[in-house]
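Q: I am new to this structure and would like to take a close look at a single part of it, followed outward into other parts. Please go slowly, and explain any term before you rely on it.

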Amino acid sequence: MNSKVRAVYEALDSRKFKQALKLITPLLEKKPDSAQYRILKGLALVRLGNREAALQIARELKTSKEVEGDDHLLNNLAIIFREAGSPAEATECFATAWERQPQNEELGLCVFAAYGKERNFLKQQQIAQKLHKQFKADNYQIWSIVATTLQVMAGGPVKLLTLAERQMAKLAEEGRVDSYELLQLYLDILLRQDKFKEAEELVAGPLGRLYSGKIEPLQMRAKLLWRQSRYEDALGVYRGLLEVDEGQVKGREEWSHIRGVLDCIMATRGLPPFPPPPRGGSSVG
């Protein structure tokens, strides 16, 4: 990168957009067809508030093979579209480039991220599945499952989680649910379907080892047993929590554990608990 081009980037980085535009103008006069110079002008214009002029430049370059073959130029072009209020066109840039270079994994990741910025979780799911099929990396399968869950969180039908649950169960069978984060994802998928029994069995089973401490899984089990109306079993777990000290949490001093014991005793006698129901640890709803 020559010193004159570097000066333009420095002006943009320091938010001196008028100076950036002034610096790029003579460079464009010498090389009017330079995609790099035109994109730099577009960045200066959009940050000066001239969105229409910036979009005109960006749209003229959208199908440029020079841009598609250069990740840096492609990313800057996408920035112009996003900052000019046209994120779908930014995504289109990456998607078109990936179609022409399907073996370029980085472009596939850019497409996935672009759909995330649009909150188009269905497209993210589809791209993640395509990435997994093509490049075989486990994390892409996880991304697909997460994107499915996000669709439900955004108002999609809960039945979408049936496939996500099956996928997580298969990963667990294969020993690939191997982190606390993946366990939480699996639990979230179950809980969004009100599958409290399956969630409790998950926490009580071998995957419970993924918790780093003793208190959190016991709290989760107690709340899941409560949600199944298994008050005697929940009472046993809450009483056990009274005996567990961990870090700054002292079992007999933790109000959520004491409250859990009291509420379970009342429930076993057919009496309503004091609102709200037992709390403590991760939320079960």
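A: A polar contact is a pair of N or O atoms within 3.5 Å, where, within protein, one atom must be able to donate a hydrogen and the other to accept it. The model is a predicted one, and the close look can begin at Ser64, which lies in the loop between helix 4 (51–61) and helix 5 (65–68). The side chain of Ser64 reaches the backbone nitrogen of Glu66 at 3.3 Å. Because buried means under 20% relative accessible area, Ser64, with a relative accessibility of 17%, counts as buried.

Another loop residue can be read in a similar way. Leu210 sits in the loop between helix 13 (196–204) and helix 14 (215–227), and its relative accessibility of 16% means that Leu210 counts as buried. Although Leu210 and Asp178 are 32 residues apart in sequence, their C-alpha atoms are 7.2 Å apart in space. Leaving aside residues up to four places away in sequence, Leu210 touches Val177, Asp178, Ser179, Tyr180 and Leu183.

From the loops we can turn to pairs of helices. Two packed helices are described by the angle between their axes and by the distance between those axes. For helix 6 (residues 71–83) and helix 7 (residues 87–100), the angle is about 155° and the axes are 6 Å apart, and the two helices are therefore roughly antiparallel to each other. Helix 6 passes helix 7 in a right-handed crossing. On the helix 6 side, the residues that meet helix 7 are Leu74, Asn75, Leu77, Ala78, Phe81 and Arg82, while helix 7 contributes Pro87, Glu89, Ala90, Cys93, Phe94 and Ala97. Sorted by class, this contact of helix 6 with helix 7 has nine nonpolar residues, one polar residue and two charged residues.

The other pair is formed by helix 10 (residues 138–153) and helix 11 (residues 161–173), whose axes come within 9 Å and cross at roughly 150°. Helix 10 and helix 11 are therefore roughly antiparallel to each other, and their crossing is left-handed. Helix 10 makes the contact through Gln141, Ile142, Ile145, Thr148, Thr149 and Val152, and helix 11 through Leu161, Ala164, Gln167, Met168 and Leu171. By class, the contact of helix 10 with helix 11 divides into seven nonpolar residues, four polar residues and no charged ones.

Notes:
Residues numbered from 1 in each chain as written. Predicted model: local features only at pLDDT ≥ 70, side-chain atom pairs only at ≥ 80, totals over all residues. Heavy atoms only, no water. Axes fitted to C-alpha atoms, helices over the stretch in contact; angles between N-to-C directions. Helix = DSSP H or I, 4+ residues; strand = E, 2+ residues; numbered from the N terminus. Parallel < 35°, antiparallel > 145°, perpendicular 65-115°, else oblique. Left-handed = near helix turned anticlockwise from the far one by under 90°. Contact = heavy atoms within 4.5 Å. Nonpolar A, V, L, I, M, F, W, Y, C, P; charged D, E, K, R; others polar. Buried < 20%, exposed > 50% of the residue type's maximum accessible area, 1.4 Å probe, protein only.
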